[in-house]
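The exercises below ask for a reading of a two-chain model, one feature at a time. Try each task against the coordinates before turning to its solution.

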Amino acid sequence: MKTNLLGKKIAFYVLIIIVWQGIDSAEIWPDNIFPSPIEVGEDLLYGISDGSLFYGIGTSMWRLVIGLSIAIGGGMLLGIFMARVETVNQTIGSLVLGLQSIPSVAWVPLAILWFGLSDSGIIFVTAIGAIFAVTINTYTGVKNIDPSFIEAARNMGAKGGQLVTTILIPAAFPYMISGFKQGWAFAWRGVIGAELLFSFLGLGFLLNVGRQLNDVSQVIAMMLVIMGIGILIDGFVFKKLEDKVMTKWGLR
Amino acid sequence: MGKIEAKNIVKYFQHDGKPLKAIGGVNLTVDDGEFVCIVGPSGCGKSTFLRILAGLEKPDEGEILLDGKKLVNTGPDRIMVFQEGALFPWLTVEDNVEYGLKVAGIPETKRHDISKRYLDMMQLSQFANSYTYQLSTGMKQRVAIARALVMDPDVLLMDEPFAALDSQTRDLLLVEMQMIWQKTKKTIIFVTHNVPEAAVLGSRVAVFSHRPSVVKKSLDIDYKRPRVAEDENLGKFEKQILAALRHQGPK
């Protein structure tokens with residue numbers, strides 16, 4: 001079954017490349033609008049050989065990790081407060097729902113004004129794009145904790161911070177994982193979008209350089225890299241983490 | 001020591017926006033080392049009463065005294081065993097059992113020594129590293145009992161802990177519970193709706209009335225231990241409990 005699935009996937013992607021090459025060979029559009037897969041591959045190889053691709057990936061990932069860490073830390077804190085203190089939920093809670101609806105690139109102008117064309121500005125956009133997804137999932141997770149867990153812990157003497165670290169966070173963790181996963185997706189969109197507009201290093205910047213040079217194969221190559229990293233992180237980091245947590249918590 | 005006194009406990013519930021008197025002045029004194037079962041019609045507030053004893057809910061009137069000292073909050077001097085166990089699914093059996101000790105800041109090696117003793121007592125040693133989803137309902141309740149015992153509480157409060165068990169597992173745990181009580185000499189208050197269970201376990205059975213509940217009758221079960229559920233001599237005690245329960249129509 002598993003090899004069958006893998007076979008299907010490989011066949012599908014090979015088919016895409018063949019069709020792509022076929023369209024290119026038909027010469028419907030000129031090469032500077034519709035590049036062949038070979039040209040895109042050459043661009044990728046060029047980026048690898050001169051190291052600019054790795055530098056771009058490294059820069060974007062570094063910003064992503066910092067931004068997402070801030071979002072996870074801040075989002076958990078805010079979500080727990082919202083779930084445990086009714087006044088916080090009634091006030092900040094409504095604001096969080098509103099802010100969640102702002103696309104992360106819409107923060108870019110503000111970030112440029114506040115931070116200038118700097119890493120901090122891009123990290124700000126990344127973090128703010130992800131934080132509310134973490135907050136809302138954490139809130140839902142804490143709200144859904146079996147009340148007897150909290151009562152049992154209090155009964156055994158747990159108080160305040162102990163209750164948060166030993167009960168609230170682990171009990172809500174399966175929900176938080178969903179929040180991290182959503183947060184990562186928002187953060188990745190955020191970091192690429194911000195780099196595009198800030199035009200200050202990173203994969204988004206390389207994407208924009210491709211457009212400025214009218215180099216369509218570089219644009220497509222960068223989009224493929226962005227997609228590839230997305231698939232890798234989704235599949236290897238978050239899916240693994242989620243599986244592990246769900247099994248351990250007895251949820252599957 | 002573990003003498004616990006409930007003095008004139010009154011508790012209201014909100015029912016359709018109106019206060020409904022659920023517990024109507026319960027007085028109950030349980031001496032140190034006594035095993036008291038509370039039975040009563042469903043909805044009489046016996047579980048709520050137990051939660052008040054645990055300090056998990058506040059009474060609207062009345063007070064709880066432990067060895068003469070008024071109790072305000074919940075705490076490890078009275079440990080509750082919940083109906084569904086309330087075990088933490090993210091911890092192993094051993095870590096569940098050690099939870100309260102860890103919270104109390106007891107060092108790891110000492111924690112292990114204590115938990116090992118109770119895991120042995122509850123025949124859980126081979127499951128020490130299992131997670132709770134891997135255990136049967138009966139095993140889970142053993143873990144919950146072990147987790148309560150490691151805290152060495154003055155009073156053990158048990159809220160229908162065997163209600164979800166099959167009858168074989170329950171019979172086994174009824175015998176074990178008596179052995180635990182004789183070994184540890186704990187004060188135990190055990191809420192159940194199952195009359196034979198109360199007759200097997202209790203040195204005394206407190207029968208609650210319909211709500212607003214009061215202690216309708218207190219029956220001593222003066223019979224040798226360990227008792228087993230199928231012992232016909234327990235029948236007369238069961239009849240007494242049933243008579244006390246029936247003595248009162250719904251209000």
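**Exercise 1.** Determine what share of the residues in chain A is buried, and describe the fold of this chain in outline.

*Solution.* Step one is the burial count: in this predicted model, buried residues account for 36% of the 252 residues in chain A, where a residue counts as buried if 20 or more other C-beta atoms lie within 10 Å of its own. Step two is the secondary structure, which in chain A amounts to ten helices and zero strands. Step three is the overall extent, and here the C-alpha trace of chain A spans about 75 × 55 × 30 Å along its principal axes. Step four concerns the contacts within chain A between residues at least 6 apart in sequence, of which 74% join residues at least 24 apart.

**Exercise 2.** Work out the strand order and the pairing sense of the four-stranded open sheet of chain B, and find the helix that packs on it.

*Solution.* Begin with the order, which runs β2-β1-β4-β5 in chain B with antiparallel pairing. The edges are then β2 (18-30) and β5 (69-70) of chain B, each of which pairs on one side only. Next, take one pair in detail: strand β1 (residues 4-15) and strand β4 (residues 61-66) of chain B are joined in the antiparallel sense over five bridges, and I4(B) stands opposite L66(B) in β4(B). Finally, helix α1 (residues 46-54) of chain B packs on this sheet, where it touches β1, β2 and β4 of chain B, and its direction makes about 125 degrees with that of β1(B).

**Exercise 3.** Describe the open sheet of six strands in chain B in the same manner.

*Solution.* The order is β6-β7-β8-β3-β9-β10 in chain B, and the pairing is mixed. At the edges lie β6 (78-81) and β10 (215-220) of chain B, each with pairing on one side only, while the twist from one strand to the next averages 20 degrees. As an example of the parallel sense, strand β3 (residues 35-39) and strand β9 (residues 204-208) of chain B pair over four bridges, and the bridge partner of V39(B) in β9(B) is V207(B).

**Exercise 4.** Given the domain assignment of chain B, characterise the contact between its two domains.

*Solution.* The assignment gives domain 1 (4-77 + 153-246) and domain 2 (88-152) of chain B, and their centres, taken over C-alpha atoms, are separated by 25 Å. Across the boundary, ten residues of domain 1 of chain B are in contact with nine residues of domain 2 of chain B. On the domain 1 side, helix α5 (residues 167-184) of chain B provides the largest share, three residues, and by class that side has eight nonpolar, two polar and no charged residues.

**Exercise 5.** Analyse the contact between the chains, and then the largest nonpolar core.

*Solution.* The contact takes 21 residues from chain B and 16 residues from chain A. On the chain B side, α2(B) gives the most, with three residues, and the residues of this side divide into 16 nonpolar, four polar and one charged. Turning to the core, it holds 133 residues, and those touching the most other members are V39(B), L53(B), A146(B), L157(B), I189(B) and I241(B). Helix α8 (residues 160-198) of chain A nevertheless gives the most to this core, with 17 residues. One of the central members, A146(B), touches V97(B), Y118(B), L119(B), M122(B) and L124(B), residues up to four places away in sequence not being counted.

Definitions and conventions. Residues numbered from 1 in each chain as written. Chains lettered and ligands numbered in written order. Predicted model: local features only at pLDDT ≥ 70, side-chain atom pairs only at ≥ 80, totals over all residues. Core = buried A, V, L, I, M, F, W, Y, C linked by C-beta atoms within 7 Å. Buried ≥ 20, exposed ≤ 12 C-beta atoms within 10 Å, placed from the backbone. Helix = DSSP H or I, 4+ residues; strand = E, 2+ residues; numbered from the N terminus. Contact = placed C-beta atoms within 7 Å. Domains from an automatic or database assignment. Nonpolar A, V, L, I, M, F, W, Y, C, P; charged D, E, K, R; others polar. Pairing = 2+ DSSP bridges. Axes fitted to C-alpha atoms, helices over the stretch in contact; angles between N-to-C directions.
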